[in-house]
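Below are some comments on the model, set out as numbered points. Please read them alongside the coordinates.

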Amino acid sequence: MYDIVERLHAEGKVTTEPLTSVRLKLHVRCQWRCSFCHMEGNHNSRPIHADAELATALEGFRDYLGFSEAHLTGGEPMIHPEVRAITQLATGLGFTVKMTTNGQVPAARYLELVGAGLKQVNVSVHTLDGAMLAAIMRPTRSAVWGDRAVTRQLSLLHELQGKVVCRVNTVVGTTIEQALSIASFVFSHGIDWRITNSLEDGEESLHAIHRLCDELGAEPVGADFINGSSSYSVTFQTSAGGRFRVKLIRPFRLSVMCTTDIHISP
């Protein structure tokens, strides 16, 4: 996949933009336990609250760094008791508010947030097969549980289309069958689709994404880099006219946090 980016760069098809989005990890709680979930790199952070401390932090991101987007993550942001208040707070400070969710609460709850200012909902759909979804949980769950979870996601996407910007996010591990079925679904329903490599599966995940692109007859048409971010995305177009993006996680560390000679006074 990295050689594709090099080719796009040589063809002048790579754009670079500044980082303008802050990810708000609301809490660590989630109804799911996906085997590949990195929990934004922290499984032990304190919950965020809709208070003066959050407002001050967001004002700093806005005023000193020029950030304009707040992306709600977790854990599962929709089960945070203050998710509406946080959405209202960020919107009131001028941020475009987006969210990544597993799509397991009723659509009416999401529509309440749309009324509070939420502009985009990214639903994490990794398979349309309930048994497969149950198998990627840790510990594994029943196929009946998985079927119900997938049904909730598809129902949510149906309810939200036309009311808010919707996207499907899919993690591709070592196989492509599940992603192929999701591709058919999103292309037929006109839903924006982004796939991501699995850090847990390393190079095998990247090879699987290559196979997926080949199977879909997809050709790269551009790439986007975000300065200061650990990821970039490549846009592909299929032979049938469908488009999707591949978000690739790349190694990125802040030297100030990774050097060993820093002394922090108590």
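**Notes on the predicted model**

1. The protein chain exposes about 13,700 Å², with carbon and sulfur atoms supplying 53% of that area. Areas follow the Shrake-Rupley method with a 1.4 Å probe, and for residues only the protein chains shown count as cover.

2. This is a predicted model: local features need pLDDT of at least 70, side-chain atom pairs count only at pLDDT 80 or more, and totals for chains, interfaces and linings use all residues. Residues are numbered from 1 along each chain as its sequence is written, and side-chain values use heavy atoms, leaving out hydrogens and water.

3. For 266 residues, the globule rule (2.2 Å times the number of residues to the power 0.38) gives a radius of gyration near 18 Å; the protein chain has 19 Å over C-alpha atoms, which agrees with a compact globule. The C-alpha trace spans about 55 × 45 × 35 Å along its principal axes.

4. Buried residues (under 20% relative accessible area, 1.4 Å probe, protein chains only) make up 45% of the 266 in the protein chain. Among contacts (heavy atoms within 4.5 Å) with a separation of 6 or more, 66% join residues 24 or more positions apart.

5. The structure holds zero disulfides, a disulfide being a pair of cysteine sulfur atoms within 2.5 Å. Why is C30 unbonded? Its closest cysteine sulfur, in C34, is 6.7 Å away, too far for a bond. C34 is likewise in no disulfide, with the sulfur of C37 nearest at 6.3 Å. C34 counts as buried because its relative accessibility is 16%.

Note on methods:
Buried < 20%, exposed > 50% of the residue type's maximum accessible area, 1.4 Å probe, protein only.
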